[in-house]
Amino acid sequence: MPHLLDHHDIRSRARAAFIGLAVGDALGAPVEFMTAGEIRSKYGVLREIVGGGWLRLKPGQVTDDTEMSLCVARAIVAAGGWSLRGIAEEFAGWLRTKPVDVGDTCRRGIRNFMLKGSLETPFNQWDAGNGAAMRMLPAALYTLGDDDLLQRCALEQARITHNHPLSDAACITLGRIVHLALRGASKNRLHREADLLVADLPAFTFTPYRGLATGYVADTVQTVFHHFFRGRSFEECLVGTVNQGGDADTTGAICGMVAGAFYGMEGIPQRWLKKMDRKTMAEIAELSTRLIALSTPLRE
């Protein structure tokens, strides 16, 4: 890993990670809840941002994965640092807009905050969903260079809605993998981080890959890791991931976040970027720059 940090490169990779998340969300959302076989019979291989699906999205429209990530990012930037209450208030404001999609566990946690001011949902054995992992990126950008801070922020933002050891572990590992990718680490180094998660929690084992891409966080992470480590480009990683179907907007968003950080802006296909909403892309670029500017290496 390079000792001299290239601040321009880190900023660019941070932007690519956040834009990659939105692109993956928009690519995968139209095939959410479809099986791999159903996707094959309708699209062959889905390679374009087409819109539609059960949510009847416009091409390039994003869902809760990107919208909740934007909530976290806005709160950190507005506070000039970590603000758990600020994040919860952003979630509450977002929920009041009647978003196009919101997961049940996220809705319940946000409503608990709105009704009782609760910033941590109680442990629930059924809350091992992927709704906290999908919005991890802003916390990862903000905590670059400080693993202890990453762990604290990952868990705090997660537990507004999801309090489960598998969700916690996924959030921390995804944050660490993003940190490594932002600093130019190799795929082998990223794979070692994934292997540490699997050694600790075998539920995340992704070799051999079982082909499940549900909203259960272990299935989600298995799908992302399988396709990210096999893929040889941003496009290949994303296309493989979303064509598994299942919770394809979230697997796409998480894979896009990791692959964006790894491959950088030049790796993201222009034809996909052209389909995205310009206003959303501009806000993402601005927030990613401001988040990474708050992180330890870029303050030094």
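This passage describes the overall fold of a predicted model and then its aromatic pairs.

The chain is built from 15 helices and has zero strands. Its radius of gyration is 17 Å, close to the 19 Å that the globule rule gives for 300 residues, so the chain is as compact as a globular protein of that length. Taken along the principal axes, the box filled by the C-alpha atoms is roughly 50 × 50 × 40 Å. Of the 300 residues in the chain, 59% are buried. Among contacts with a separation of 6 or more, 73% come from residues 24 or more positions apart. The surface that the chain exposes amounts to about 12300 Å², and 51% of this area is supplied by carbon and sulfur atoms.

Turning to the rings, it helps to recall that a pair of aromatic rings is described by the distance of the centres and the angle of the planes. With a limit of 6.5 Å between ring centres, the model holds nine aromatic pairs. One of these joins Trp-82 and Tyr-142, whose ring centres are 6.2 Å apart and whose planes meet at 15°. Planes under 30 degrees apart count as stacked, and the pair of Trp-82 and Tyr-142 is therefore stacked. Where do the two partners sit in the chain? Trp-82 belongs to the loop between helix 3 (64-79) and helix 4 (84-96), while Tyr-142 is part of helix 6 (residues 137-142), so the pair ties together parts that are 60 residues apart in sequence. Both Trp-82 and Tyr-142 are buried.

A second pair, Phe-225 with Phe-229, has another geometry: the ring centres lie 5.7 Å apart and the planes are at 55°, so this pair is tilted. The angle falls between the limits of 30 and 60 degrees that bound the stacked and edge-to-face classes. Phe-225 and Phe-229 both belong to helix 10 (residues 217-230), and because they are four residues apart there, about one helical turn separates them. Are these two residues buried or exposed? Residues under 20% relative accessible area count as buried; Phe-225, at 2%, is buried, and Phe-229, with 16% relative accessibility, is buried as well.

Phe-225 and Phe-229 also take part in a wider arrangement, for they form one aromatic cluster together with Phe-206, Phe-228, Phe-262 and Tyr-263. Phe-228, a member of this cluster, has a charged neighbour too: the charged end of Lys-187 sits over the Phe-228 ring, 4.2 Å from the ring centre.

How values were computed: Residues are numbered from 1 along each chain as its sequence is written. This is a predicted model: local features need pLDDT of at least 70, side-chain atom pairs count only at pLDDT 80 or more; totals for chains, interfaces and linings use all residues. Side-chain values use heavy atoms; hydrogens and water are left out. Rings of Phe, Tyr and Trp (its six-membered ring) pair if their centres lie within 6.5 Å; planes under 30 degrees apart count as stacked, over 60 as edge-to-face and the rest as tilted. Helices (H or I, at least four residues) and strands (E, at least two) are DSSP runs, numbered from the N terminus. Buried means under 20% relative accessible area, exposed over 50%, partly exposed in between (1.4 Å probe, protein chains only). A charge sits over a ring if NZ of Lys or CZ of Arg is within 6 Å of the ring centre and within 35 degrees of the ring normal. The radius of gyration is taken over C-alpha atoms; the globule rule is 2.2 Å times the number of residues to the power 0.38. Contact means heavy atoms within 4.5 Å. Accessible areas come from the Shrake-Rupley method with a 1.4 Å probe; for residues, only the protein chains shown count as cover.
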